Amino acid sequence: MICRITDSPVDMDELTDSLDSPELGGLCTFVGKVRNHSAGQGVTHLEYHAYPEMAEKKMRQVAGEIEERFGVTHLAMAHRVGTLAIGDIAVGIAAASAHRDAAFKACRYAIDRIKQIVPIWKKEFGEDGVAWVEGCAVDAETAEPQKAQNQRV
Amino acid sequence: MKVRVKCFAWAKEVTGEEEIDLEVPESATVADLRDSLAERFPVFSGRMESIAVSVNQEFAGEGTPVDAGDELALIPPISGGCA
């Protein structure tokens, strides 16, 4: 299983190839790319920062939750850090299972959960200046998101 | 005792450091660490609620003990992935 923070480009072929197995009939991927706009403002590029050791540990936790919920054990996820240009892949996820339903669910859960508990930060550079995008404050007591937030500082 | 705390993203920017040393009482908890942090860097006081603390790479509640040998970090709101 791949759970990786990397400063190199995310290679989707590598992720999907790692899940190549004759019993796996459904393979679902998600590709998160850098967008040229955010909250109505133009974005020129992004920086992603991570706490790499904890981030990979939390990605493995997400994988464990996926196994528990959907029975899916064939997963690959990679998140890039550093300066990224518009159109670059920030995050890649691949999930495979015998049938498609579990693969779709696992893939969706993985990206949603990464945004909640994996310590990765995004700094947007745009026409309007520079801003940390603060998507999700973690409640340390419960290790879960505090509430729906989408503030910029 | 002195503890070393990693700073990420906004926390790294406002402290100007990747790691800071904070003085906390013996048998300190995360709450003591926050007190020490706010005293040294008042900028945290206003938004302490949104900053999580991790101890040995796990999110840690206010009563969690912290020791000089622990890996401690300040975790501002996260924004990984891509919408």
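**Exercise 1. A backbone outlier in chain B**

Where in chain B is Asn56(B) found? Locate the residue, then describe its backbone and its exposure.

*Solution.* Keep in mind throughout that we are working with a predicted model.

Step 1. Asn56(B) is found in the loop between β3 and β4 of chain B.

Step 2. Turn to the backbone: phi of Asn56(B) is near 50 degrees, a positive value in a residue other than glycine.

Step 3. For exposure, the relative accessible area of Asn56(B) is 38%, so the residue is partly exposed.

Step 4. Now try chain A, where Ala143(A) has a positive phi of about 60 degrees although it is not a glycine. Ala143(A) has its place in the loop between β10 (138-139) and β11 (144-145) of chain A. With 23% relative accessibility, Ala143(A) counts as partly exposed.

**Exercise 2. The sheet of chain B**

Work out the strand order of the open sheet in chain B, and find which strands stand at the edges.

*Solution.*

Step 1. Five strands make up this open sheet, in the order β2-β1-β5-β3-β4 (chain B), and the pairing is mixed.

Step 2. Read the two ends of that order. β2 (19-23) and β4 (58-59) of chain B each have a single partner strand, so one side of each is left without a neighbour in the sheet.

Step 3. A reminder helps here: strands of a sheet pair through backbone hydrogen bonds, either parallel or antiparallel. For strand β3 (residues 52-55) of chain B and β4(B), the sense is antiparallel, over two bridges. Across this pairing, Ser54(B) stands opposite Phe59(B) in β4(B).

Step 4. Next, look at what packs on these strands. Helix α2 (residues 30-40) of chain B has Val30(B), Leu33(B), Arg34(B), Ser36(B), Leu37(B) and Ala38(B) buried. The buried residues of α2(B) pack against β1, β2, β3 and β5 (72-75) of chain B.

**Exercise 3. Rings across two chains**

Which residues do ring pairs link into a cluster, and how is each pair arranged?

*Solution.*

Step 1. Count the aromatic pairs: there are five over all chains.

Step 2. Take one of them. The ring centres of Tyr51(A) and Phe8(B) lie 4.5 Å apart with the planes at 20 degrees; planes under 30 degrees apart count as stacked, so this pair is stacked. Tyr51(A) lies in the loop between β4 (41-50) and α2 (52-70) of chain A, while Phe8(B) lies in the loop between β1 (2-7) and α1 (9-15) of chain B, so the pair joins two chains.

Step 3. Check the exposure of both partners. Tyr51(A) is buried at a relative accessible area of 0%, and Phe8(B) counts as buried at 13% relative accessibility.

Step 4. Phe8(B) also pairs with Trp121(A): the centres are 5.3 Å apart and the planes at 10 degrees, so this pair is stacked. Trp121(A) belongs to strand β8 (residues 120-126) of chain A, so this pair, too, joins two chains. Trp121(A) counts as buried, at 1% relative accessibility.

Step 5. Put together, ring pairs link Tyr51(A), Trp121(A) and Phe8(B) into a cluster.

**Exercise 4. Empty space**

Find which chain elements line the second largest pocket, then do likewise for the largest cavity.

*Solution.*

Step 1. The second largest pocket holds about 190 Å³ of space. Its lining includes Tyr51(A) and Phe8(B), along with His49(A), Glu53(A), Lys6(B) and Lys12(B). Elements giving two or more residues to this lining are β4 and α2 of chain A together with β1 and α1 of chain B.

Step 2. For cavities, a search of the whole structure finds one of 30 Å³ or more. About 50 Å³ of space lies in the largest cavity. Of the 10 residues that line the largest cavity, Val34(A), Arg35(A), Leu46(A), Lys122(A) and Glu124(A) are the closest to its centre. β3 (37-38), β4 and β8 of chain A each give two or more residues to its lining.

**Exercise 5. A buried residue in chain A**

Describe the surroundings of Ile93(A).

*Solution.*

Step 1. Ile93(A) lies in strand β7 (residues 89-97) of chain A and, at 0% relative accessibility, counts as buried.

Step 2. Leaving out residues up to four places away in sequence, the residues that Ile93(A) touches include Met12(A), Leu15(A), Phe30(A), Met77(A), Cys107(A) and Ile114(A).

Terms used
Residues are numbered from 1 along each chain as its sequence is written. Chains are lettered from A and ligands numbered from 1 in the order in which they are written. This is a predicted model: local features need pLDDT of at least 70, side-chain atom pairs count only at pLDDT 80 or more; totals for chains, interfaces and linings use all residues. Side-chain values use heavy atoms; hydrogens and water are left out. Rings of Phe, Tyr and Trp (its six-membered ring) pair if their centres lie within 6.5 Å; planes under 30 degrees apart count as stacked, over 60 as edge-to-face and the rest as tilted. Helices (H or I, at least four residues) and strands (E, at least two) are DSSP runs, numbered from the N terminus. Buried means under 20% relative accessible area, exposed over 50%, partly exposed in between (1.4 Å probe, protein chains only). Two strands pair if DSSP finds at least two bridges between them. Contact means heavy atoms within 4.5 Å. On a 1 Å grid over the protein atoms alone, a cavity is a set of points where a 1.4 Å probe fits but cannot get out, and a pocket is an open set with protein on both sides within 12 Å along at least five of seven lines; lining residues have an atom within 4 Å of a point. Grid points are joined across faces, edges and corners, and a volume is the space filled by probe spheres set on the points.
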